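Please find below a colleague's note on the metal sites of this structure. The points are numbered for ease of discussion.

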Amino acid sequence: TIKGKVFSFYSFYDNDLRNSLMLEKKIENEITTALKEKQLEVHIQPKVNMKTGQIIGGEALVRWNHPHDGYLYPNLYIPVLEKSGYIVDVDIYVWTEVFQFLQKLIERGVTPLPISLNVSRLHEYQKDFVEVLCCLSREYKIPPNLITLEITESALAEDSTFLFQCMGKLQEKGFSFSMDDFGSGYSSMNMLKDEPLDEVKIDRLFLRNLGNSKSRTVIRHIIFMLAELGIDMIAEGVETKEQEQFLLECGCYKAQGYLYYKPMPLVDFEKLL
Ligand code: C2E
Ligand code: MG
Ligand code: MG
Ligand code: MG
């Protein structure tokens, strides 16, 4: 009967909802322990110059080495941590590990390369965002020009006044800003002219359909526009030689992707250097 159908629909929906709520609760309950017991690890994915193959830097990506569930990837828990506010603790943990790592490299006489840090929605950090980064740079004696802050396009679209203030202050100290996942949201073009960006990371979604001539036209013009605006650019998610070839032809020389390196533990990144 109709009634039965409605009922089963609701119970199905209800189960789904309950599972996702349970997952959220589980993540929220376990993240504090994870931070205390060092279950969170920082991996770095090298960035390369496609013309020379040289490594030019890296991006720090968090990994949760869960005692029962194995390696957990950020897309599962970052949204939950953003909702509950725990993301701030995780980000600061990751940043601290990176500053510490850079300090160790310098002490051992290895020339460090610039590292990008992912930054969550800015209002999460309240007033401390600028202060935390300046403190870390002082404490570990890391010149801010070794640090790039990646903020996603959608997070950049949110708090403009506070954001501009923070970006200005940090850029004055020497930190750089990169717009992550460029092109995956909806307000990217406006932000390019309004925000003081040092770099744009072209979302990997653009590289998916290079067989299609319209897709090629879109990328070609994005690259052209960024070059003319004087904004540095890097393509993310480069997986094939064809994608590399096309990007080089268009004038984009920097990339991050499985074609070159996957994200790796800090010790492995150090060996590469
Ligand atoms: P993102 O910042 O855009 O990072 C790039 C993501 O693309 C990483 O996924 C990386 O492993 C993946 N990737 C790199 N090359 C390729 C490729 O060639 N093919 C494919 N298919 N994927 C590639 P990951 O590590 O799973 O991170 C996902 C997202 O989670 C990140 O996207 C970032 O937004 C967020 N995230 C990661 N670590 C942190 C963190 O410490 N703090 C915050 N706030 N967010 C983080
Ligand atoms: Mg990123
Ligand atoms: Mg990205
Ligand atoms: Mg992305």
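1. In this predicted model, Glu236 has a relative accessible area of 10% and is buried, because the cut-off for a buried residue is under 20%. Asp181, at 22% relative accessibility, counts as partly exposed.

2. Both residues serve the magnesium ion (ligand 3), whose protein donors are Asp180 (OD), Asp181 (OD) and Glu236 (OE). These donors lie 2.0 to 2.7 Å from the ion. Along the chain they follow the spacing D-D-x54-E. Asp181 belongs to strand β6, whereas Glu236 belongs to strand β8 (residues 232–236). The pair, 55 residues apart, thus links distant parts of the chain.

3. Which residues supply the protein donors of the magnesium ion (ligand 2)? They are Glu59 (OE), Asn118 (OD1), Glu150 (OE) and Asp180 (OD), at 2.0 to 2.3 Å from the ion. Their spacing along the chain is E-x58-N-x31-E-x29-D. Glu59 is located in strand β2 (residues 55–66) and Asp180 in strand β6 (residues 176–182), so this pair ties together parts that are 121 residues apart in sequence.

4. Are Glu59 and Asp180 buried or exposed? Glu59 is buried, and Asp180 is buried as well.

5. The student should note how the two sites are connected. Asp180 bridges the magnesium ion (ligand 2) and the magnesium ion (ligand 3). The two ions lie 3.7 Å apart. Asp180 accordingly appears among the donors of ligand 2 and among those of ligand 3.

How values were computed: Residues are numbered from 1 along each chain as its sequence is written. Chains are lettered from A and ligands numbered from 1 in the order in which they are written. This is a predicted model: local features need pLDDT of at least 70, side-chain atom pairs count only at pLDDT 80 or more; totals for chains, interfaces and linings use all residues. Side-chain values use heavy atoms; hydrogens and water are left out. Donors are N, O and S atoms within 2.8 Å of the metal (3.2 Å for Na, K and Ca); water is not among the atoms, so sites may look incomplete. Helices (H or I, at least four residues) and strands (E, at least two) are DSSP runs, numbered from the N terminus. Buried means under 20% relative accessible area, exposed over 50%, partly exposed in between (1.4 Å probe, protein chains only).
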